[in-house]
Amino acid sequence: MLTKLSTSHNQTMIPKNFFGNSQFSSDFPNSLPPVAKPSPEFYAIFSQKEILDLIRILELTKEIPLKYSYKGRGAKIWNNFYQKYIIPKWFQKTNVEIDLLQKNFEYINGSYQNSSQVNIVDVGAGNSYPVKNIIAQLNKLGRINKYIALDISQELLNLSKANISKWFPVLQFDSCTIDIENSSIPPEILLHSTNENIANIFLHLGVTIGNHQNRSKVLQNLRNTMDKKDLLVFTNEIGSNSNWNGQVRGGCKYHVDGIYTWIKDNIGIRSEDCELVRKYDSQTDSITASIKFNQSYTLSFTQLGIDQNLEFAQNEEIVIWRHHKYEIPEMIQELEKAGLQLVHHSRNQYSSHIMAICQVNNS
């Protein structure tokens, strides 16, 4: 059972270094459980507020939200995964996001709202690769006003800016770090125009909606930012999560492998003390990947004014990745609960992914 421990300043610990600068304090035989201490890199890339939020979530749900794995070196891990496994190659010529964006171009280009121009607001922009073709089309038609990249990771925003500047040197680019699960988009970022000829198209691609711990909150935060002429466009896998056959592929394989190593390195957990477990979680109806402890363990956070220990029992797990497939009726229900209305949706050629297009429900 995960519990919060008080820190004893009289306790003697013998620090040892593992995985670079991360620290691990070994236990005495038959006494206290091993103590893992986050690395200097961890404290450099996370703010005090983020660490306190992380501790709170670990206490409540035993999870490290996937969003935090995109910060620091985690951004490079994700980009390498994307470059290697998702960008089309000669033997893999299609990209789900690109194909579905093209299929729904009429909605992306402002025709649905009778708008002559659009702002593309990319929530969770990453490296911006999926929107490259659609921006090129909008730019050629003179229909794009500006591109706004939003992400929790400054490192990914830097990558987005570098790519957009290279592909479209004269396109106006704005960006902002934001955690869409915990806050709405600040209105000053968007500067909603009184010009009815410009609409905001909010994109939330990469099946990211299925990775969130609280999908309803994300949808509500997006809805709170939208005006009547705006659209929200997102993608996700569809189907039954409980029918998962145990096959480990795509993000569940390659992205998870990188995240697992990144978290161990930065939290200071020894490889021999844990294992990676992938499974269907009936409680959240999701496929999850978790760090499972092979013995009792203590995580110790002692910098940035924080002095807090978390204890895990043998065989307890920390979820580090999750994905939830949507059933269509469930998706519509979640959208309506958030004050959104589904105006159009389409599937890819294999009916494995969906692109949903929504507007504010004013009824």
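Start with the largest nonpolar core, which has 42 residues. Select Leu299, Phe301, Ile320 and Trp321, the members that touch the most other members. A nonpolar core here is a set of buried Ala, Val, Leu, Ile, Met, Phe, Trp, Tyr and Cys residues joined through side-chain atoms within 4.5 Å. Buried means under 20% relative accessible area, exposed over 50%, and partly exposed in between (1.4 Å probe, protein chains only).

Now color by element. Helix 1 (40–45), helix 2, helix 3, helix 10, strand 11 (286–293), strand 12 (297–301), strand 13 (308–312) and strand 14 (317–323) each supply at least two residues of this core. Helix 10 gives the largest share, seven residues. Helices (H or I, at least four residues) and strands (E, at least two) are DSSP runs, numbered from the N terminus. In soluble globular proteins, nonpolar side chains tend to be buried together.

Before you go on, a word on what you're looking at: this is a predicted model, where local features need pLDDT of at least 70 and side-chain atom pairs count only at pLDDT 80 or more, while totals for chains, interfaces and linings use all residues. Residues are numbered from 1 along each chain as its sequence is written, and side-chain values use heavy atoms, with hydrogens and water left out.

Zoom in on isoleucine 320. Which residues does isoleucine 320 touch, not counting residues up to four places away in sequence? Ile64, Leu66, Ile259, Tyr260, Ile263, Leu276, Ala289, Ser290 and Ile291. Contact means heavy atoms within 4.5 Å.

Next stop: an empty space. The structure holds one cavity of 30 Å³ or more, with a volume of about 50 Å³. To find the spot, select Phe42, Phe46, Leu54, Ile64, Tyr68, Trp262, Ile263, Asn266 and Ile267, which line the cavity. Helix 10 gives the most to this lining, with four residues. By class, the lining has eight nonpolar, one polar and no charged residues. (Ala, Val, Leu, Ile, Met, Phe, Trp, Tyr, Cys and Pro count as nonpolar, Asp, Glu, Lys and Arg as charged, and the others, Gly among them, as polar.) On a 1 Å grid over the protein atoms alone, a cavity is a set of points where a 1.4 Å probe fits but cannot get out, and lining residues have an atom within 4 Å of a point. Grid points are joined across faces, edges and corners, and a volume is the space filled by probe spheres set on the points.

Time for some charges. How many salt bridges does a search of the whole structure find? There are 16, each a side-chain nitrogen of Lys or Arg within 4 Å of a carboxyl oxygen of Asp or Glu. Pick lysine 67 and aspartate 179, whose closest N and O atoms are 2.9 Å apart. Lysine 67 sits in the loop between helix 2 (48–61) and helix 3 (73–85), and aspartate 179 in the loop between strand 7 (173–177) and helix 8 (187–190), so this salt bridge ties together parts 112 residues apart in sequence. Both residues are buried. Add Glu181 to your selection and you have a network of salt bridges with Lys67 and Asp179.

Hop over to glutamate 330 and arginine 215, a salt bridge at 3.7 Å, N to O. Glutamate 330 is in helix 11 (residues 328–337) and arginine 215 in helix 9 (residues 215–225), 115 residues apart. Is arginine 215 buried or exposed? Buried, at 14% relative accessible area.

Last, select glutamine 113, in the loop between helix 5 (105–108) and strand 5 (117–123). Glutamine 113 is buried and touches Tyr107, Ala199, Ile201, Lys229 and Leu231, not counting residues up to four places away in sequence.

Key: On a 1 Å grid over the protein atoms alone, a cavity is a set of points where a 1.4 Å probe fits but cannot get out, and a pocket is an open set with protein on both sides within 12 Å along at least five of seven lines; lining residues have an atom within 4 Å of a point.
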